[in-house]
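The following exercises introduce a protein model to a reader who has not met it before. Each task is followed by a solution in steps.

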Amino acid sequence: MEEIIKVENAVKVYKETRALNGVSVTFEKGKIHGIIGRNGSGKTVLLRSICGLTKLTSGVVYVRGEQIGKDVDIPTKIGAIIEYPGFIPELSGYGNLKYLADINGVVKKEKIIETLRLVGLEEASGKKVGKYSLGMKQRLGIAQAIMEDPEILILDEPTNGLDKDGVKEFRKLMLKLKDEGRTIVIASHNAEDIGYLCEHIIELDKGEVVENDECC
């Protein structure tokens, strides 16, 4: 097993609340991993700590062997949707991705167009995002997460707002990316999505791991 993400005894305290309480988990490279749990179970806090967006009270997170907050602040080659994806409503779908792509300067126009096609937004690429439905914005968030060909995808409730066809397309895309060797971590309250896609499932409750199982 080749570990790509390792979390050791992660604790995050907000005032009187322990959002994470001694979480230790590892994520194997090239698999789809699922994190389930009720609202407030610690799913989003765990994902944020992996992405370097939340500093732990104690414990450590390693991504590709580098300790977050010590070796690197923000790990590279990660695409993420954490909570609700934010976009500039006055810009089109293409314009939003172009704006973000220009920050790093590694994604060309053709790649943006191809990514929009992959998530089913090719025809709506010129439409202002302010007029997008919730499902369309979620598709755009997925496009943002994958457009720079990340090695690791961290997705928090990625099927929120998607209709039945959108969920089907999302699952197909995730399996395609997994077959390309990507590592994917999905947090969701949707047990069907997790059961269909994930080879490894972690259940959190009150900031603690209550299940950590490999699937068939």
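Helices (H or I, at least four residues) and strands (E, at least two) are DSSP runs, numbered from the N terminus. The model is a predicted one, in which local features need pLDDT of at least 70 and side-chain atom pairs count only at pLDDT 80 or more, while totals for chains, interfaces and linings use all residues. Residues are numbered from 1 along each chain as its sequence is written, and side-chain values use heavy atoms, with hydrogens and water left out.

**Exercise 1. The overall fold**

Task: Describe the secondary structure and the overall dimensions of the protein.

Solution. Step 1: count the elements. The protein has six helices and 10 strands.

Step 2: compare the radius of gyration (taken over C-alpha atoms) with the globule rule (2.2 Å times the number of residues to the power 0.38). The radius is 17 Å, close to the 17 Å that the rule gives for 216 residues, so the protein is as compact as a globular protein of that length.

Step 3: consider the principal axes. Along them, the C-alpha trace spans about 45 × 35 × 35 Å.

Step 4: examine the contacts, where contact means heavy atoms within 4.5 Å. Of the contacts with a separation of 6 or more, 65% are between residues 24 or more positions apart.

**Exercise 2. Helix α1 and the glycine after it**

Task: Determine which residues of α1 are buried and what phi glycine 52 takes.

Solution. Step 1: fix the classes. Buried means under 20% relative accessible area, exposed over 50%, and partly exposed in between (1.4 Å probe, protein chains only). For the protein as a whole, buried residues make up 47% of the 216 residues.

Step 2: apply the class to α1, residues 43–50. Six of its eight residues are buried, and the helix is mostly covered. The buried residues are Lys43, Val45, Leu46, Leu47, Ser49 and Ile50.

Step 3: move just past the helix. There, glycine 52 has a positive phi of about 80 degrees.

**Exercise 3. Helix α2 and its cover**

Task: State which residues of α2 are buried and which helices are among their cover.

Solution. Step 1: list the buried residues. In α2, which runs over residues 93–104, these are Gly93, Gly95, Asn96, Leu97 and Ala101.

Step 2: identify the cover. It includes α3 (109–118) and α4 (134–146).

Step 3: look at the residue that follows. Glycine 105 comes after α2 with a positive phi near 65 degrees.

**Exercise 4. Two lysines with positive phi**

Task: Locate lysine 15 and lysine 77, and decide whether each is buried or exposed.

Solution. Step 1: take lysine 15. This residue is in the loop between β1 (3–14) and β2 (17–28). Its phi is near 55 degrees, a positive value in a residue other than glycine. With a relative accessible area of 82%, lysine 15 is exposed.

Step 2: take lysine 77. Its loop lies between β5 (66–67) and β6 (78–81). Lysine 77 is not a glycine, yet its phi is positive, about 55 degrees. Its relative accessibility is 51%, so lysine 77 counts as exposed.

**Exercise 5. The surroundings of isoleucine 184**

Task: Find the strand that holds isoleucine 184 and the residues that it touches.

Solution. Step 1: place the residue. Isoleucine 184 belongs to strand β8, residues 183–187.

Step 2: assess its exposure. At 0% relative accessibility, isoleucine 184 is buried.

Step 3: list its contacts, leaving out residues up to four places away in sequence. Isoleucine 184 touches Lys31, Ile32, His33, Leu153, Leu155, Met174, Leu177 and Lys178.

Step 4: relate the residue to cysteine 198. The two are 14 residues apart along the chain, and their C-alpha atoms are separated by 8.9 Å.

**Exercise 6. Cysteines and disulfides**

Task: Establish how many disulfides the protein has.

Solution. Step 1: state the criterion. A disulfide is a pair of cysteine sulfur atoms within 2.5 Å.

Step 2: apply it. The count comes to zero disulfides. Cysteine 51 is in none, and the nearest cysteine sulfur, that of cysteine 198, is 16 Å away.

Step 3: check exposure. Cysteine 51 is buried at 6% relative accessibility, and cysteine 198 is buried with a relative accessible area of 6%.
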